[in-house]
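Here's a walk through one protein model, written for someone who likes to poke at coordinates. Have the viewer open and follow along.

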Amino acid sequence: MLMEVQRPFVLSGGGVRGAAHLGVLRALREAGLVPNAIAGTSAGALVGAMMADGRTPEEALELVAAELKRSRLVRRPAPASKRIEGFLEKTLRRTRFEDLPIPLFVTATNLEQGGQCIFHQGPLIPALMASCAIPLVFPPVLVNGVYCVDGGMSNNLPVDPFADRKAAVVAVHVNPLPAFVPGRRSMVRTMDRIWHLNFREMVVRSARGCGVFIEPPELSRFGLLELGKLRVIEQIGYDWTRKQLGEGLLSRP
């Protein structure tokens, strides 16, 4: 029987690229490496919440895929933020941080004063909604009297909750910087690159010293909102991690 090793996991934001977290987690679980605590932001916070709530990566993928299919069939779909909130209300079996089987830390960005907010206690869903509130796409969310937005703006790889055990951290970043091709830029891709560049330096600093750093390079082909690529992206996360495990390359960044 494979001996199970438990480590703290940190999951980045990245829109639909966050589905790669599920593939990475699936591959690591098969190898006997599982989280005993999770910190996440934006899409990583949503994935982390489902894992901390006791879902397997496979279950989480099917739940998200079914919700996307249902949303496409609705004649008058609700705003995206309401759909995410409704999905969380239906899916999460525990709605307070304190009740989760695995400790969870969710980060967001303080829109009023700047800086990172870390949530670990109280109602879970408002913190998750704040964490994934992409500016200009979703409205800010009021949590504990403070308006917050997407956590990736302050730190897209939130290792801070595990600063005292950083060498044990398994960090997963799903936003590899794509190659720059001048003359072939759309407005969406340009904004996506600017988003990457804004938090890349912080991510590099956060990743330094982590025990394991995983960043599947093929994810750079996908935009933040390519929802139709959910399963493809999950498989990329799985395949890349399996390859790295097989070659013994999961190491410090």
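What follows goes from the overall fold to the cores, then to helix pairs and a few single residues.

**The big picture**

Keep in mind that this is a predicted model. The protein has seven helices and eight strands. Its C-alpha trace spans about 50 × 50 × 40 Å along the principal axes. How does the radius of gyration square with a compact globule? For 253 residues, a compact globule would come out near 18 Å, and the protein has 17 Å, so the two agree. Buried residues account for 51% of the 253 residues. Looking at contacts between residues at least 6 apart in sequence, 76% join residues at least 24 apart.

**Cores**

The largest nonpolar core has 56 residues, and Leu104 and Leu128 touch the most other members. Which helix gives the most to this core? That would be α2 (residues 43-52), with seven residues. Not counting residues up to four places away in sequence, Leu104 touches Ile38, Phe97, Phe119, His120 and Leu124, along with Gly48, Ala49 and Ala52. Those last three, Gly48, Ala49 and Ala52, are among the buried residues of α2. There's also a second, separate core of 14 residues, including Phe105, Leu157, Phe199 and Phe213.

Back to α2 for a moment. Ten of its ten residues are buried, so this helix is largely enclosed by the rest of the structure. The list includes Ala43, Leu46, Val47, Met50 and Met51. Both flanks of the helix have a backbone detail to look at. In the loop between β2 (33-41) and α2 you'll find Ser42, with a positive phi near 55° in a residue other than glycine. Ser42 counts as buried because its relative accessibility is 5%, under the 20% cut-off. After α2 comes Gly54, with a positive phi near 100°.

**Two helix pairs**

Two packed helices are described by the angle between their axes and the distance between the axes. Here are two pairs from this model, side by side.

| Helix pair | Axes come within | Crossing angle |
|---|---|---|
| α1 (residues 19-30) and α7 (residues 230-246) | 7 Å | roughly 35° |
| α4 (residues 80-91) and α5 (residues 124-131) | 10 Å | roughly 145° |

The crossing of α1 and α7 is right-handed. On the α1 side, the residues that meet α7 include Ala19, Leu22, Val24, Arg26 and Leu28, while the α7 side brings in Leu230, Ile233, Glu234, Tyr238 and Leu245, among others. By class, the residues of this contact divide into ten nonpolar, four polar and four charged.

For α4 and α5, the crossing is right-handed as well. Which residues meet there? From α4 come Ser81, Ile84, Glu85, Leu88 and Glu89, and from α5 come Ile125, Leu128 and Met129. That contact has five nonpolar residues, one polar and two charged. Leu128 is the residue named above for its many partners in the largest nonpolar core. As for the spacing along α4, an α-helix has 3.6 residues a turn, so residues three or four places apart point the same way.

**A few single residues**

Leu61 sits in helix α3 (residues 57-73). Is Leu61 buried or exposed? Leu61 counts as buried, because its relative accessibility is 7%. Leaving aside neighbours within four places in sequence, Leu61 is in contact with Leu22, Leu230, Arg231 and Glu234. Leu22, Leu230 and Glu234 also turn up in the contact of α1 with α7. For a sense of scale, the C-alpha atoms of Leu61 and Arg208 are separated by 30 Å, with their places 147 residues apart along the chain.

Thr56 lies in the loop between α2 and α3. Thr56 is partly exposed, with a relative accessible area of 24%. Beyond its neighbours within four places in sequence, Thr56 is in contact with Arg29 and Met51. Its C-alpha atom and that of Glu112, 56 residues apart along the chain, are separated by 36 Å.

Last up is Asn144, found in the loop between β5 (141-143) and β6 (146-149). Asn144 has a positive phi of about 55° although it is not a glycine. Is Asn144 buried or exposed? Asn144 is exposed, with a relative accessible area of 69%.

Technical notes
Residues numbered from 1 in each chain as written. Predicted model: local features only at pLDDT ≥ 70, side-chain atom pairs only at ≥ 80, totals over all residues. Heavy atoms only, no water. Axes fitted to C-alpha atoms, helices over the stretch in contact; angles between N-to-C directions. Helix = DSSP H or I, 4+ residues; strand = E, 2+ residues; numbered from the N terminus. Left-handed = near helix turned anticlockwise from the far one by under 90°. Contact = heavy atoms within 4.5 Å. Nonpolar A, V, L, I, M, F, W, Y, C, P; charged D, E, K, R; others polar. Buried < 20%, exposed > 50% of the residue type's maximum accessible area, 1.4 Å probe, protein only. Core = buried A, V, L, I, M, F, W, Y, C linked by side-chain atoms within 4.5 Å. Rg over C-alpha atoms; globule rule 2.2 N^0.38 Å.
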